[in-house]
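Me: I have a model open and would like to learn how to read its features one by one. Could you walk me through it?

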Amino acid sequence: MRSTIMMNGGGMGSMGLMWIFGLLVLVGVIVLIVVLVKALSGRSPNTAGHDNNRGPGTSPGRARQILEERYARGELSTEEYRERLRILEEDSR
């Protein structure tokens, strides 16, 4: 009789812990999905092509500075740098 009471009492405690664990796993999966969707769908500013639209408030001088910084870091080849610089100069006219 005593072993039956002990098993039932222990069963309720572990059932509650399993429910909490299951909820935590579900939240973790949802967070993982959100992070993966953002990582795969978001474009990095460094991967934008020559048609990179400057956001509001970005002056042509700041755009040129960013271009020079990217060239200095080696993110752009000389040809890419010159092409994008030409486009910036055309846009500022």
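Reply: Gladly! Let's begin with a cut-off: a residue is called buried when its relative accessible area is under 20%, exposed when that area is over 50%, and partly exposed in between. Tyr81 has 14% relative accessibility, so Tyr81 counts as buried. Keep in mind that this is a predicted model.

Me: How much of the protein as a whole counts as buried?

Reply: Of its 93 residues, 11% count as buried. The accessible surface comes to about 7,900 Å², and carbon and sulfur atoms account for 64% of that surface.

Me: What does the secondary structure look like, and in which order do the elements run?

Reply: The protein has 3 helices and 0 strands. Starting at the N terminus, the order is α-α-α.

Me: Back to Tyr81, then. How many aromatic pairs does a search of the whole structure find?

Reply: The search finds 1 aromatic pair. Its partners are Tyr71 and Tyr81, with 4.4 Å from centre to centre and 20° between the planes. Planes under 30 degrees apart count as stacked, and this pair is stacked. The pair also links distant parts of the chain: Tyr71 belongs to helix α2 (residues 60-72) and Tyr81 to helix α3 (residues 78-92), with the two 10 residues apart.

Me: Is Tyr71 buried or partly exposed?

Reply: Tyr71 counts as partly exposed because its relative accessibility is 32%. Its partner Tyr81, at 14%, counts as buried.

Me: How should I think about nonpolar cores, and which residues make up the largest one here?

Reply: The general idea is that in soluble globular proteins, nonpolar side chains tend to be buried together. In this model, the largest nonpolar core has 6 residues: Ala63, Leu67, Leu76, Tyr81, Leu85 and Leu88. Helices α2 and α3 each supply at least two residues of this core, and α3 gives the most, with 3 residues. You will recognise Tyr81, a member of the core that also takes part in the aromatic pair.

Me: And which nonpolar residues form a patch on the surface?

Reply: The patch consists of Leu17, Trp19, Ile20, Leu23, Leu24, Leu26, Val27, Ile30, Val31, Val34 and Val35, and together they have about 1,100 Å² of accessible area. Take Val34 as one example: Val34 lies in helix α1 (residues 2-41). With a relative accessible area of 43%, Val34 is partly exposed.

Me: Let's turn to charges. What counts as a salt bridge, and how many are there?

Reply: The idea is a side-chain nitrogen of Lys or Arg within 4 Å of a carboxyl oxygen of Asp or Glu. By that rule the count comes to 7 salt bridges. One of them joins Arg64 and Glu68, at 3.3 Å from N to O. Both residues sit in helix α2, 4 residues apart, which is about one turn of the helix. Arg64 is partly exposed at 36% relative accessibility, and Glu68 is partly exposed at 35%.

Me: Which residues are linked with Arg64 and Glu68 in a network of salt bridges?

Reply: Glu89 is linked with Arg64 and Glu68 in that network. Leaving out residues up to four places away in sequence, Arg64 touches Leu85, Leu88 and Glu89. Two of these names, Leu85 and Leu88, also appear in the largest nonpolar core. For a sense of the backbone spacing, Arg64 and Arg84 are 20 residues apart in sequence and 9.0 Å apart in space, C-alpha to C-alpha.

Me: Which residue forms a salt bridge with Arg73?

Reply: That residue is Glu75, and the closest N and O atoms are 2.9 Å apart. Glu75 also meets Arg70 in a salt bridge, at 3.0 Å from N to O.

Me: How do Arg70, Arg73 and Glu75 fall on the buried-to-exposed scale?

Reply: Each of them lands in its own class. Arg70 counts as buried because its relative accessibility is 7%. Glu75 is partly exposed, with a relative accessible area of 31%. Arg73 counts as exposed, since its relative accessibility is 51%.

Technical notes. Residues numbered from 1 in each chain as written. Predicted model: local features only at pLDDT ≥ 70, side-chain atom pairs only at ≥ 80, totals over all residues. Heavy atoms only, no water. Phe/Tyr/Trp six-rings, centres within 6.5 Å; stacked < 30°, edge-to-face > 60°. Buried < 20%, exposed > 50% of the residue type's maximum accessible area, 1.4 Å probe, protein only. Areas by Shrake-Rupley, 256 points an atom, 1.4 Å probe, with all protein chains shown as cover. Patch = residues over 30% accessible without salt bridge, like charges linked within 9 Å, V, L, I, M, F, W, Y side chains within 5 Å. Core = buried A, V, L, I, M, F, W, Y, C linked by side-chain atoms within 4.5 Å. Contact = heavy atoms within 4.5 Å.
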